Amino acid sequence: MFESLRAVPADPILNLSVLYRQDTNPNKVDLGVGVYKDETGHTAIMEAVARAEERLLAEEDTKAYVGMAGSKRFCELLAQVTLGADHAVLADQRIAVAQTPGGSGALRVLGEFINVASPNATVWLGNPTWANHHAVMQSAGFTVKEYPYYNRGTRAVDFDAMLNALQNQTQAGDVVLLHGCCHNPSGADLSLDQWQAITDLVLAKGLIPYVDIAYQGLGEGMDEDAAGLRLMANAVPEMVIASSCSKNFGLYRERTGTAMIIAANAQQASLAQGQMNSVIRANYSMPPSHGALVVETILADPKLKQMWRDELKTMRKRIKDLRSQLVDAIKAEGVTQDFSFIERQKGMFSFLGVSAEQVDTLVNEHSVYLVGSSRINLAGLNQRNIAYVAKSIAAVL
Ligand code: LMR
């Protein structure tokens with residue numbers, strides 16, 4: 001039966017790491033996969049994570065199964081981190097939470113959950129969005145449609161077009177996927193006024209917001225980055241949220257995320273928890289434990305929590321500085337084209353806004369690795385490579 005299989009195209013993001021590793025050019029620069037790197041180009045284990053792991057090594061006394069929804073304490077803490085400890089949804093117990101294998105696992109679990117609750121729903125993804133959103137939502141069984149999000153001319157959110165499409169093309173019960181912060185791939189985020197306008201529209205049309213927040217803390221701060229999502233959660237009866245600890249705790253390979261379902265009341269939240277657990281049981285049975293235990297250990301200890309917050313602040317500041325430095329370095333190459341939008345955008349990513357051919361030249365002739373859409377990971381820049389990257393960009397313009 002396997003003779004009928006067709007070759008699958010390489011993953012547009014993850015395959016860049018493979019190509020980068022194979023490249024022998026000593027000047028090569030990896031601006032591909034969304035992984036934070038420090039000034040030396042290394043993705044180090046955060047100090048707070050290392051300390052928590054030491055503690056776990058000394059104190060953890062069982063490897064027995066965790067439940068389908070993982071650690072209850074982790075779920076409580078992550079709901080507080082995402083929504084804010086005093087959010088009305090938590091006080092009213094209108095939430096179901098599960099620890100998942102990364103943010104991707106949360107996306108898939110929530111997708112399958114919605115499919116149980118509303119089998120004919122259409123999922124609306126922004127154009128552009130994280131490349132894997134399409135695959136995850138299609139695999140969960142949805143019809144996927146797109147709404148316009150980013151205007152490549154103004155290099156900003158095309159809000160009128162977005163609102164117009166959601167207003168005129170969606171049906172009650174459709175699901176709208178939004179990025180909580182640090183939009184991947186554009187770095188262009190919604191303002192609070194825009195979150196409010198989408199919230200009003202969601203309420204008026206009976207849509208289900210589905211927020212993917214994979215980069216909380218990498219934009220303006222843990223609370224600031226979740227402000228739009230929190231505002232929306234205050235107003236709508238139903239909403240789902242996929243969050244990730246990959247970036248803000250640097251736990252990429254430990255696959256640590258959270259799926260959250262906000263329901264109209266506590267009773268429906270309890271039913272939702274049961275359905276979500278059953279989706280998990282039929283899929284991977286229960287999540288891996290280690291990453292969540294690390295996060296739980298950090299968040300439950302004031303000293304470790306402060307250490308983590310400080311480290312995250314350093315990462316955030318470094319990315320912001322690199323944004324300004326890249327804009328200056330490109331200018332210093334005599335480029336007159338305006339790249340100042342990079343400074344206004346948030347999180348790890350921005351589009352350079354160059355063509356697919358220019359991306360090919362950057363990759364193949366300059367060994368500067370970026371996604372085909374011209375998305376760059378700013379955190380891959382450092383003082384040793386930034387001038388080279390700016391020179392390479394200038395050379396392809
Ligand atoms: C990215 O967008 O680069 C990250 O989310 C990594 C991935 O899995 O694609």
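Okay, one bit of vocabulary before we start: Ala, Val, Leu, Ile, Met, Phe, Trp, Tyr, Cys and Pro count as nonpolar, Asp, Glu, Lys and Arg as charged, and the others, Gly among them, as polar. Also, keep in mind that this is a predicted model.

So, let's look at the largest pocket. Its volume is about 1,200 Å³, and 46 residues line it. If you want to find the middle, go to Val33, Gly34, Val35, Lys247 and Tyr252, which lie nearest the centre. Two or more lining residues come from each of H1, helix H2 (47-59), helix H5 (102-117) and helix H6 (131-139). H1 gives the most, with four residues. Sort the lining by class and you get 21 nonpolar, 14 polar and eleven charged residues.

Now for the enclosed spaces. There are three cavities of 30 Å³ or more. The largest cavity holds about 50 Å³ of space, and its lining includes Tyr147, Tyr149, His179 and Asp189. Five of its lining residues are nonpolar, three polar and one charged.

The second largest cavity comes in at about 40 Å³. Among its lining residues are Leu78, Ile213, Ser243 and Asn248. Helix H3 (72-83) and strand S9 (239-244) each give two or more residues here, with H3 supplying the largest share, three. This lining has four nonpolar and five polar residues, and no charged ones.

Last stop, the surface. Met1, Phe2 and Leu5 make a nonpolar patch there, with about 450 Å² of accessible area together. Met1 sits in the segment before helix H1 (14-22). Is Met1 buried or exposed? Met1 counts as exposed because its relative accessible area is 78%, and the cut-off is over 50%.

Definitions and conventions:
Residues are numbered from 1 along each chain as its sequence is written. This is a predicted model: local features need pLDDT of at least 70, side-chain atom pairs count only at pLDDT 80 or more; totals for chains, interfaces and linings use all residues. Side-chain values use heavy atoms; hydrogens and water are left out. Patches are made of residues with over 30% relative accessible area and no salt bridge: like charges are joined within 9 Å, nonpolar side chains (Val, Leu, Ile, Met, Phe, Trp, Tyr) within 5 Å. Accessible areas come from the Shrake-Rupley method with a 1.4 Å probe; for residues, only the protein chains shown count as cover. A salt bridge is a side-chain nitrogen of Lys or Arg within 4 Å of a carboxyl oxygen of Asp or Glu. Buried means under 20% relative accessible area, exposed over 50%, partly exposed in between (1.4 Å probe, protein chains only). On a 1 Å grid over the protein atoms alone, a cavity is a set of points where a 1.4 Å probe fits but cannot get out, and a pocket is an open set with protein on both sides within 12 Å along at least five of seven lines; lining residues have an atom within 4 Å of a point. Grid points are joined across faces, edges and corners, and a volume is the space filled by probe spheres set on the points.
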